[in-house]
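Biologist: I'd like to learn how to read a protein model properly. Could you walk me through one, feature by feature?

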Amino acid sequence: MIRIAPTGRVLAVAAAASLALTACGGGGGDTAAKQSESAAPSTAASSAPAAKGDGTLTLGTVLPQTGSLAFLGPPEFAGVDQAVKEINEAGGVLGKPITKIHTDSGDTSTNIASQSVDKLLAQKADAIIGAASSSVSESIIDKVTGAGVVQFSPANTSDKFTTINDKGLYFRTAPPDKLQGRVLGDLIAADGNDTIGILAMQDSYGSGLADQVTKTAEEAGAGVVERVDYDPKSADFSADVAKIKAKNPKAIVLIGFEEGAKVVAELVKQGLTTDKYKWYMVDGNMSNTNYQKMPKGTLKGVKGTIPGAEAPEEFRKKLVELSPKLSDFTYAAESYDAANLIALAAEAAKDDSGASIAAKLPEVSKGGEKCKSFKECVDLLKAGKDIDYDGLSGPVEFNDAGDPAVATIGVYQYGDDNKYPGKALEYRTGKIEG
């Protein structure tokens, strides 16, 4: 069970709310299971000499160049590239430049991610950033962590990873869907919607978010009158949308990836347009490129949630210099922070092996002297100081499950141009305990 107590103040166009989340009952048991799964390998490793790295930090990525989340690839690759650039300009890790290898994750309709992991392991990657899709990460986590390599996702939000058996080697800078689902459910109810229809893709991401949105909305007095879990590979969504239309809900929640454009087109075709119904989206389908071929105003007024704090303007400019065609910045900051944290953990451990990096990731993320860049942090480490890296995506303080203990969710709204602006309507920051 999640208990949430909002506080804060509302400004002209932005609101800040403190969300205190406490896991209890069954949730506490899940966390304990996760801790026991990850603690045992760590304890065993401490009682025997750990395998040392080769002295050169090799950072791989398994991120979407193709597939249903391909629109998220450019900002994630750019975030990693910017971090590696700054790290190497600051002297690298352990006195050597980072070796960086980018690969494609594809999606769950292909075996691309597994092949990419094989390639990275053959090239002796110490840590792998990715995947973006929770389902893709699930498909490769055993292979990555089984090889003693850190897997660090900037975008996985499935609740499954909190309790998954990862040998203590899996981390993420994106918060679990319990927080995003809670924020979205609260938003829908606060907007005055007492009847809701949900169209969610069939996978751990879609189902998890739909479950939490339903739970939160019902607690707030609203009712989910129809929920359709659709096949994202389907060529036609007319029957799925017809089920929603038959129940005539005030709000329609769309939870999916790139196929969301086809779902949107079908909603419009059946007359469920944004001037008559309130639509809501999530990070997987919030895009500034996916809906550009649609008539002006198709998404006007649509609201959606994206985990993470707003990426600073200076950071965005740097990314555009690296990737001039960049138009989305979703999970760019989380990817940047992931690379920096891995590098700092290797530096703190004075070793680039996966086990050493994993052991130090919680330590460099909390409890020490605060610092906000690799250079600032590494200088403190070299001076013998304990550090607390506060990233661009938020404080990034890991709990025992490898999840961020503090996270921010932004609420965005589409304009007449079928794009959402970089600045959110509202930010809600929550602390996850348990």
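Modeller: Sure. Start with the inventory: the protein has twelve helices and 17 strands. Keep in mind that this is a predicted model.

Biologist: How much of the protein is buried?

Modeller: Of the 434 residues, 56% are buried. You can also ask how far along the chain the contacts reach. Taking contacts between residues at least 6 apart in sequence, 68% join residues at least 24 apart.

Biologist: Now sheets. What holds the strands together?

Modeller: In general, backbone hydrogen bonds pair the strands of a sheet, and the pairing is either parallel or antiparallel. Here, look for the open sheet of five strands, ordered β5-β4-β6-β7-β8 with parallel pairing. Its edge strands are β5 (99-104) and β8 (170-172), each pairing on one side only. From one strand to the next, the twist averages 20°.

Biologist: How many bridges join β4 to β5?

Modeller: Six, and the two strands run parallel; β4 covers residues 58-63. To find one bridge on screen, go to Val62 and look across to its partner in β5, Thr103.

Biologist: Which helix packs on that sheet, touching β7 and β8?

Modeller: That's α11, and its direction makes about 45° with that of β7 (150-153).

Biologist: Let's zoom in on α11, then. Is Ser356 buried or exposed?

Modeller: Buried means under 20% relative accessible area, so Ser356, at 15%, counts as buried. You'll find Ser356 in α11, which spans residues 354-365.

Biologist: What does the side chain of Ser356 make a polar contact with?

Modeller: With the side chain of Asp351, at 2.6 Å. Leaving out residues up to four places away in sequence, Ser356 touches Ala349 and Asp351.

Biologist: I always check cysteines. How many disulfides are there?

Modeller: One. Cys371 and Cys377 form the disulfide, with their sulfur atoms 2.1 Å apart. Then read the handedness from the torsion: about the S-S bond it is about 110°, so this disulfide is right-handed.

Biologist: Are those cysteines buried or exposed?

Modeller: Cys371 is buried, with a relative accessible area of 1%, and Cys377 is buried too, at 0%.

Biologist: How do I read a helix by its buried residues?

Modeller: List them, then see where they sit around the axis. Take α12, residues 374-382: Phe374, Cys377, Val378, Leu380 and Leu381 are buried. They cover an arc of only 155° around the axis, which means they lie on the same side of α12.

Biologist: What do the buried residues of α12 pack against?

Modeller: They pack against two helices, α2 (73-89) and α10 (332-349), plus two strands, β14 (369-371) and β15 (387-389).

Biologist: And what should I look for on either side of α12?

Modeller: Before the helix, stop at Ser373, in the loop between β14 and α12. At 24% relative accessibility, Ser373 counts as partly exposed. A polar atom of its side chain lies 3.1 Å from the backbone nitrogen of Glu376. Just after α12, check Gly384, which takes a positive phi of about 85°.

Biologist: How far apart are Ser373 and Asn340 in sequence and in space?

Modeller: They are 33 residues apart in sequence, while their C-alpha atoms are 7.9 Å apart in space. Try finding that pair on screen yourself.

Notes:
Residues numbered from 1 in each chain as written. Predicted model: local features only at pLDDT ≥ 70, side-chain atom pairs only at ≥ 80, totals over all residues. Heavy atoms only, no water. Helix = DSSP H or I, 4+ residues; strand = E, 2+ residues; numbered from the N terminus. Buried < 20%, exposed > 50% of the residue type's maximum accessible area, 1.4 Å probe, protein only. Polar contact = N/O pair within 3.5 Å; in protein donor to acceptor, adjacent residues only side chain to side chain. Contact = heavy atoms within 4.5 Å. Pairing = 2+ DSSP bridges. Axes fitted to C-alpha atoms, helices over the stretch in contact; angles between N-to-C directions. Disulfide = S-S within 2.5 Å. Arc of directions from axis to C-beta.
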